Amino acid sequence: MTQERALDILKTGANVFLTGEPGAGKTYVINKYIAWLEAAGLNVAVTASTGIAATHIGGMTIHSWSGFGIKGSLTPQDLDQIISRERIVKRVKSTHVLVIDEISMLDGRGLDMVDQILRTIRQSAEPFGGIQVVCIGDFFQLPPVTRAGDILVYAFESKAWQAMKPLICYITEQYRQDDEMLLGLLGSIRRNEIEEEHYTLLNEQKEIAYEQIEPTRLYTHNADVDAVNSAKLAELPGKTYQFQMQGKGRKPLIEGLVKNCLSPEMLILKEDAMVMCTKNNFEAGYVNGTLGRVVRFDEGYPVIETLAGKEILIKSTTWEMAEDGKVLATIEQLPLRLAWAITVHKSQGMSLDAAEVDLSKAFVYGQGYVALSRVRSLEGLKVLGMHPNALQVDPKVVMQDVKFHKEAEDVEDAFIAMEDKEVLEMHERFVVAHGGKVPSDDEVGVVKSGTERVQAESTYVVTKSLVLEGRGIRDIAETRGLTDTTIWTHIERLVDDKELNAEQIKHLEPTDIDWNLARQTLDSAMDKHGTEKLKPIYEEAKEEYDYILVRLARMQYKLEQREVVY
């Protein structure tokens, strides 16, 4: 299936599993779809199964977004606690599309919990409460991390997966690798058809030498990563800077925070050190996973230069443990760690020009496959070691992949049989049902990468400042180079997040109609149908007011109903 066909299927609003080999362009397709959704005025939640994966796609972890956190199961008390959190309820109710990236690493029990939470909050028996769910990933890559004694449950084995019945979009294009030998090797791994010749091929990669580029080293264990990073740091000349983590609160809670923090308790840096950021800071311009090199120190703090050439001053930040709004423990450290070497786990989703791979301790299904598929060609791959089982994949996944291929062919055949007009009508029905408008190509604009999307979170701050200046929608849209619909989406989110109050958006009221009369009609419709969906309000008002005016009335209605004090 081509990328464009997959995109057409996504736009119908159907639940979808978007898959394909590494380098097929899955992230490119989902970025295009997210841009289309945003231009259409729909609210999309971008999540991933791990923190590192979330940085690649520009979102947050599905665990954090849905509220189940580190829980392995949900008790009735757990569910009650989650649905009592206002922010989670708001985000779930306002979401039209839920994206979950790197689905292979999400335990099936986790997907079931997300389904349960969404059904409960949205008071709907439909899978995931009726939200379109788009899962992205490749089950040949790293599987979920399971607790001791737990049986591995893939997402496709979960009750939620069976209930949502996703259409399979299996992209068969290839954009990362153009090396036929490497592609052949990866294909053989996927079919579980590894022969002696494949190990011979990889043994030949042990003598590779790099001339102009310093390769990233990939290891399966943190201890090896730490040893390499320490050795590389020791080789650098110049002054050493030490940063000791500080903690406040009860000792057991602090220890828990330290264990789960990606920054070390003692961080040692020098100029020219390779580093990775360990926390999101949208305003500063870095996210968890941003790679860079220390170029100097200002007032004792490191300045890093990212791969994009941007210089960022890194100051200390905090990680907290809170309950019921009260901070129980906190730790403070620079959000950095050394990064000459990283684990295979953290490399998933990356494309590397050159990598040195040590698979001598590979023991988990998918580790070898992920490591080898990071590079674009065998010229950029040096193998430091190879365990006899390093290239094994789960036979269960091999069998499931055959089913995925067949289902994807059936889906594609069905869409090929449809006329273009019929497909476009499906797109329109999906968007209009959620109060949006199908955008033109010009309105979609530039497709953002994951990092750009994360950094663009601060775009709401810019919109807020222009609203507070008393500027109108058209003026703000032209100033920012965005559509009117996008600006309205920004404003509605700012209102929901209590960043704007009723008085601050009053100047956005229309002057060419009797707005007080319009509010009476629309308020009556919201009293009857609620505020979750725009279409019932629009229809109850006899379609007299367009969706933009319905959205404005809904914002004001919510503010008044909540009686928010600012």
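Me: Which residue does Arg190 meet in a salt bridge through its side chain?
Reply: Bear in mind that we're looking at a predicted model. In general, side chains of opposite charge can pair when their charged atoms come close. Here the N to O distance is 3.9 Å, and the cut-off for a salt bridge is 4 Å. So the pair counts as a salt bridge, and the partner of Arg190 is Asp401.

Me: How many residues apart are Arg190 and Asp401?
Reply: Arg190 sits in helix 9 (residues 180-190), while Asp401 belongs to helix 15 (residues 395-416). The pair links distant parts of the chain, with a separation of 211 residues.

Me: Is Asp401 buried or exposed?
Reply: Its partner Arg190 has a relative accessible area of 5%, so Arg190 is buried. For Asp401 the relative accessible area is 11%. Buried means under 20%, so Asp401 is buried.

Me: Which residues are linked with Arg190 in a network of salt bridges?
Reply: A search of the whole structure turns up 27 salt bridges. Arg190 belongs to a network of them, and its fellow members are Glu21, Asp138 and Asp401.

Me: Where does Lys361, the salt-bridge partner of Asp224, lie?
Reply: The closest N and O atoms of Asp224 and Lys361 are 3.3 Å apart. Asp224 is in helix 11 (residues 222-235), 137 residues away from Lys361 in the chain. Lys361 has a relative accessible area of 42%, so Lys361 counts as partly exposed. Its place is the loop between strand 19 (355-359) and helix 14 (367-372).

Me: What distance separates the closest N and O atoms of Glu492 and Arg554?
Reply: Glu492 is in helix 21 (residues 484-496) and Arg554 in helix 24, so their pairing ties together parts 62 residues apart in sequence. Both Glu492 and Arg554 are buried. They form a salt bridge, and its closest N and O atoms are separated by 2.7 Å.

Me: Which side chain makes a polar contact with the side chain of Gln556?
Reply: Gln556 lies in helix 24 (residues 547-562), and its relative accessible area is 4%, so Gln556 is buried. Leaving aside neighbours within four places in sequence, Gln556 is in contact with Ile505, Glu509, Trp515 and Arg519. Among these, the one that makes the polar contact, at 2.9 Å, is Glu509.

Me: Is Arg471 buried or partly exposed?
Reply: Arg471 is found in the loop between helix 19 (459-468) and helix 20 (473-480). Its relative accessibility is 22%, and buried means under 20%. Arg471 is therefore partly exposed.

Me: Which residue is joined to Arg471 by a side-chain polar contact of 3.0 Å?
Reply: Not counting residues up to four places away in sequence, Arg471 touches Leu466, Ile476, Thr479, His507 and Leu508. Its C-alpha atom is also 9.9 Å from that of Ile505, 34 residues apart along the chain. The polar contact of 3.0 Å, though, joins the side chain of Arg471 to that of Asp475.

Me: Why do the buried residues of helix 5 line one face of the helix?
Reply: The buried residues of helix 5 (residues 76-83) are Asp78, Leu79 and Ile82. On the other side, Pro76 and Gln77 are exposed. The cover over the buried residues includes helix 4 (62-66), helix 6 (86-94) and helix 7 (108-122). They line one face because, seen down the helix axis, they fall within an arc of 95°.

Me: Which helix supplies the largest share of the largest nonpolar core?
Reply: This core has 69 residues, and those with the most contacts inside it include Leu111, Leu118 and Trp161. Trp161 touches residues including Ile103, Leu111, Phe139 and Phe404. The largest share of the core is 6 residues, and they come from helix 7.

Me: How many residues are in the other core?
Reply: That core lies apart from the largest one, and Ile9, Val16, Leu18 and Val97 are among its members. Its size is 33 residues.

Me: What percentage of the residues of the chain count as buried?
Reply: The secondary structure comes to 24 helices and 20 strands. The chain exposes about 26700 Å², with carbon and sulfur atoms supplying 48% of that area. Of its 566 residues, the share that counts as buried is 51%.

Methods: Residues are numbered from 1 along each chain as its sequence is written. This is a predicted model: local features need pLDDT of at least 70, side-chain atom pairs count only at pLDDT 80 or more; totals for chains, interfaces and linings use all residues. Side-chain values use heavy atoms; hydrogens and water are left out. Helices (H or I, at least four residues) and strands (E, at least two) are DSSP runs, numbered from the N terminus. Buried means under 20% relative accessible area, exposed over 50%, partly exposed in between (1.4 Å probe, protein chains only). A polar contact is a pair of N or O atoms within 3.5 Å; within protein, one must be able to donate a hydrogen and the other to accept it, and residues adjacent in sequence count only if both atoms are side-chain atoms. Contact means heavy atoms within 4.5 Å. Accessible areas come from the Shrake-Rupley method with a 1.4 Å probe; for residues, only the protein chains shown count as cover. The arc is that of the directions from the helix axis to the C-beta atoms. A nonpolar core is a set of buried Ala, Val, Leu, Ile, Met, Phe, Trp, Tyr and Cys residues joined through side-chain atoms within 4.5 Å.
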